[in-house]
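Hi,

Here is the model I promised to pass on. Have a look at it first, and my notes follow underneath.

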Amino acid sequence: MTQRVTGQRFRQRKLSTKQNLQVLREKEIEQLADDDATRHIPKVETGVEKGEEIEHHLQAVISAAQAAAQGGGKIAQLYIPTPDAVASKLQYEDLYPKRFTQPATYIRFSSTVEDSIGCPYCMTAEDVAWLKTYNKKHKGAPCSEDDLEQAINFFEETTQTKQPYASVDNSPVLTYEELESEFDETIGESARNFARDIYIHWKDERIRRGNRPLMPTLKFETNLETDDADPYVCFRRREVRQVRKTRGRDAQVTEKLKKLRKEFEEARFLMSQVKRREMLNRDQLALDKQIFEQRSAVKEVKRRLSIKTDDEDILINQRVSLTIPMSGSAMLTASQPAPRPSKAPRLDTQMLHRNMPGMNSKSQPTRPDGRLVDSDLTYLEDQLAKKADMIDHFVDENLMKHQKWNEGWVDATWRPITPPLEQASAKSDFRRVFTDSQLPTPPASVSSEENGDTIAVNQAKQLEPRRSARIRFATPPDDVPYQDQSRFRRRTGRGGRIMVDRRGVKRQKIEAVDDRIADRWKFAGDSSEDEQVYPVDWTDNLHIRYRIMIERQGERHAQQASRRAIENHNRSMSGHSMPTGGQS
Amino acid sequence: MAPREASHEPAGTPAPVETGIATLAQLRAGVKAFVDKDGEKRKAEILMIQTRAGKPKFYVHYEDFNKRLDEWIDAARIDLAREVEWPAPEKPEKKKAVASKADKAPPKVDPKNPKRSRAQIEREASGTPSEATSSNVPSKIQRKDSELLVTTEVTDGVTPKPEDEEMDVVDIQDAAAAAKAMPDEEYSREDEIEKLRTSGSMTQNQAEIARVRNIEKVQMGKFEIEPWYFSPYPIDFIDVDMVYICEFCLNYYGEETQFERHRSKCTLLHPPGNEIYRDDYVSFFEIDGRRQRTWCRNLCLLSKLFLDHKTLYYDVDPFLFYCMATRDEHGCHLVGYFSKEKESAEGYNVACILTLPQYQRKGFGKLLIDFSYLLSKREGKLGSPEKPLSDLGLLGYRAYWQEVIVDLLMDGRIEANIEDLGAASAMTTNDVLHTLQNLNMLRYTAKNQHVVVLTDAVLEQRERQKAKEKVKGKRSIEGERLMWKPPVFSAASRTWNW
């Protein structure tokens, strides 16, 4: 420890812990009289109790360290002497078998000691001796060590609950009858068989120890005055702070209990419902199996009798998987469910259906030619693949066709393939979109009513065809005025194409368009592939307003103005069914 | 050391110490005599006398030695040729108990050595006269076999008490306490108990700790260990030569047969909590005192054998226990641990910290300390160990602090700020200051400025340590292996009661 310094020459400056201090090497500072070095710094306590701070060995080590810190050269490593720990003579390997395998993940464990040590009573040498002689004398099955421990443990625990102060108040050892009447599941069948004999031994032991517990126990508080001074009393409870009793608190407690009870009941109810559901599921499975077996029996019979009818009777309630392909020419599949499911199926969908031999939908009754059904059985995968091919083919074909039409022509219009505008379609045709959340990808374009028993096929797969354009809508903000909200209109155009017009679709600023988003509109137009496509958000409110403004300047300039606008936007061809001057 | 005695002799001591030549028969508890210790004569106080196999045995405490070196000695080691110091003659008064308390208080100051806080707080401090206490000691002790009955051969002028024959361990303690009692640092027992109820795990109160060691030997895992201090294991263990402690569940047995039976049933293979850290050397388990009450109590009983100031007065509920273990095919062997209050009012990040004696001096202590600071860093708090530190604790912490601070200062910085150093190491400002000061690294220059000096000695020490690490391999805690979020306890789960 550094010396205490007495003299003070200058006004001291206090050491600030927030201030940056220079870090120097020893050679970099001029040596002051070394008393000065530390005297302005408040002494910090070691934290060791004062009486122990002066202990010989600690002081020796500290002064050695001090000497080292002051540069006193090498000093032999000093240790504070401690009593010994030596290797034990016990056979470690026997006591602690190698049973531990380290799991790959960190151990998570919550069992308590009580869970892990089995019967808490452990046999003493006396018990072992007694058991040995007992098993020698006793006829029949020998009493096992576990039985003995179980029985004694039961006696001990029962005594503990019935006579908690047995060791103090000199109460007599409980009789066997008293103990027997308490038998419960903690004492096993085999232990019970020996219980009466073990009792005698236990009682002897117990009396020998002044009716105190056989296993050494810790001393807990007994709420006597002596507790406080008794060094053996440990692990006292921290006293409960008395809560003031008020009517309000009582009510609170009642409320809490009620709530708890309700919650428990709900949980119980849920569990019972789950159980019921699972039972029903099981029954259903059993029934399904039965049906299947009976069907195969029928089939067997039919085959044996070579009855060649269609298999309506066999397949009657088997679901026909009917997958609905995307309409190839539908440029946009709006992500809302088909608004009017009762509408007739679209042209190309029907066409596709006709072309697919494997598809036995209800609307197409089974073939009357009476061919064997087996030959007609097809795999779903094949059908799906075929269908996807067909769609691709159909789209490719149309694209080719379109390219052929345009061959040798310079398309000077800026909306070349749009059908003539329907005069009647006014703004009111636009429907507002209400979405609670981001909608999933659109459903099959054939309404579910028409194919009521269609199995839900893997939609993701179905939507894979590369030309499917997808638009997702975010929830429109509540505070946006009507004209800014998204609205949509669906029209049927030339050749049965479906067009969805949109207004006020909110999107990110066009500058932020990245490749992925741009890709969405890549095939949004009917333009052929060799044309450059520039992503321009025509539905951007700014653009719409701009155009409206231009329209109002007079129909004469309309064409011109929009051309300019297009030029400004790199002559994009991607706009489709834009509301134009003629419309409003 | 003997010479120190003189310096402690305070000026104006009211009552001179009574000294004189004593015979073996005159020795009693409280007497200070010179005792042969490792070839050296040291002054030691007799705390307890027992007769074993017809021979008197003396339990002595060497002055200025830590209590862990207290031991039982034969009469032959006591140097009766030299004068002994008699305890302050206040025994007769004690009978009068409360009534005479007031006038007794002043002379209670130990005339020998007022700084000695080993002297216990007087029972009077809590308003319980020691006699009353001892007569109330539960009847359990009465059944002790005769060999444990203490024969105090008091034949000197002091009136022997009539109950002397029935004195037992506790009585002797009381007597010893009374003999050298002095009003302790303005810290009453009630105050302390109240403080312990709400926080902390260390006692400042000597009455709690100055006790005769009650366990002879402990068998645990592959080792036999000599306990250092008293621990409130079942009182029955006074009689046994060896207490067997299961390495995994820490249950205790007084008999080998029982222990073996237990081992055949015990299924625990590691501390019963979640592993929150694992490297190829050690694992750390986090254990909630409330959820694993038995295990944590067992752990506390065990660690009390080696921690003087630890108190087991209250239960383990408000503490978390971080247990370090090494692994092999047998299981995870507890090496050391530290406990930590779930909510420390005083900003302690460690309550008790212990490397089991069989694993000491192997660098585990540093890992424990390092880990405790890692947790503090994760919590975004500064931490410091609960006081008082033990001698070994102080040295361990100082070594760790030195290493951390010196390493921080050696990273090439030209300026250092004490608070920043603390923030970088999760150490309190005070501890940083303590470290710098202790290493003589804070200097005041002629320019009227404080500077931090990386002294040659410190640098050299660091170099030597690094060289050693190179040879032996450096063990350290790697922060990224800690999978832990500071646990949050609702007021209800943290409460002190059940």
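A87(A) sits opposite F223(B), a residue of β9(B), in this predicted model. Next to that pair in the notes is V86(A), whose bridge partner in β9(B) is E224(B). Both belong to a pairing across the two chains: strand β2 of chain A (residues 85–87) and strand β9 of chain B (residues 223–225) run antiparallel and are joined by 3 bridges.

What does that pairing build? An open sheet of 5 strands, in the order β2(A)-β9(B)-β8(B)-β10(B)-β11(B). Its pairing is mixed. The edges are β2 of chain A and β11 of chain B (252–253), each of which pairs on one side only. In other words, chain A supplies an edge strand here, and β9(B) is its neighbour in the order.

Now for the rest of the contact between the chains. It draws on 117 residues of chain A and 152 residues of chain B. Together the two chains bury about 12,600 Å², with 55% of that on carbon and sulfur atoms.

On the polar side, I get 52 residue pairs in polar contact between chain A and chain B, counting pairs with both residues at pLDDT 80 or more. The rule also finds 8 salt bridges across the interface. One of them links R212(A) to D236(B), with 3.5 Å between the closest N and O atoms.

Which element gives the most to the side of chain A that touches chain B? That is helix α3 of chain A (residues 56–69), with 9 residues. By residue type, this side of chain A splits into 53 nonpolar, 29 polar and 35 charged.

Chain B also has a sheet that you may want to look at. This one is open too, with 5 strands in the order β12-β13-β14-β15-β17 and antiparallel pairing. At its edges are β12 (274–278) and β17 (353–355) of chain B, each pairing on one side only. Ignoring direction, neighbouring strands in this sheet are turned by 25° against each other on average.

Within that sheet, β14 (residues 319–328) and β15 (residues 331–341) of chain B pair in the antiparallel sense over 10 bridges. If you want a place to start, try C323(B): its bridge partner in β15(B) is Y337(B).

That's what I have for now. Shout if anything is unclear.

Cheers

Definitions and conventions: Residues are numbered from 1 along each chain as its sequence is written. Chains are lettered from A and ligands numbered from 1 in the order in which they are written. This is a predicted model: local features need pLDDT of at least 70, side-chain atom pairs count only at pLDDT 80 or more; totals for chains, interfaces and linings use all residues. Side-chain values use heavy atoms; hydrogens and water are left out. Contact means heavy atoms within 4.5 Å. Buried area is the accessible area (1.4 Å probe) that two parts lose on being put together, summed over both. A salt bridge is a side-chain nitrogen of Lys or Arg within 4 Å of a carboxyl oxygen of Asp or Glu. A polar contact is a pair of N or O atoms within 3.5 Å; within protein, one must be able to donate a hydrogen and the other to accept it, and residues adjacent in sequence count only if both atoms are side-chain atoms. Helices (H or I, at least four residues) and strands (E, at least two) are DSSP runs, numbered from the N terminus. Ala, Val, Leu, Ile, Met, Phe, Trp, Tyr, Cys and Pro count as nonpolar, Asp, Glu, Lys and Arg as charged, and the others, Gly among them, as polar. Two strands pair if DSSP finds at least two bridges between them. Axes are lines fitted to C-alpha atoms, for helices over the stretch in contact, and angles run from 0 to 180 degrees between N-to-C directions.
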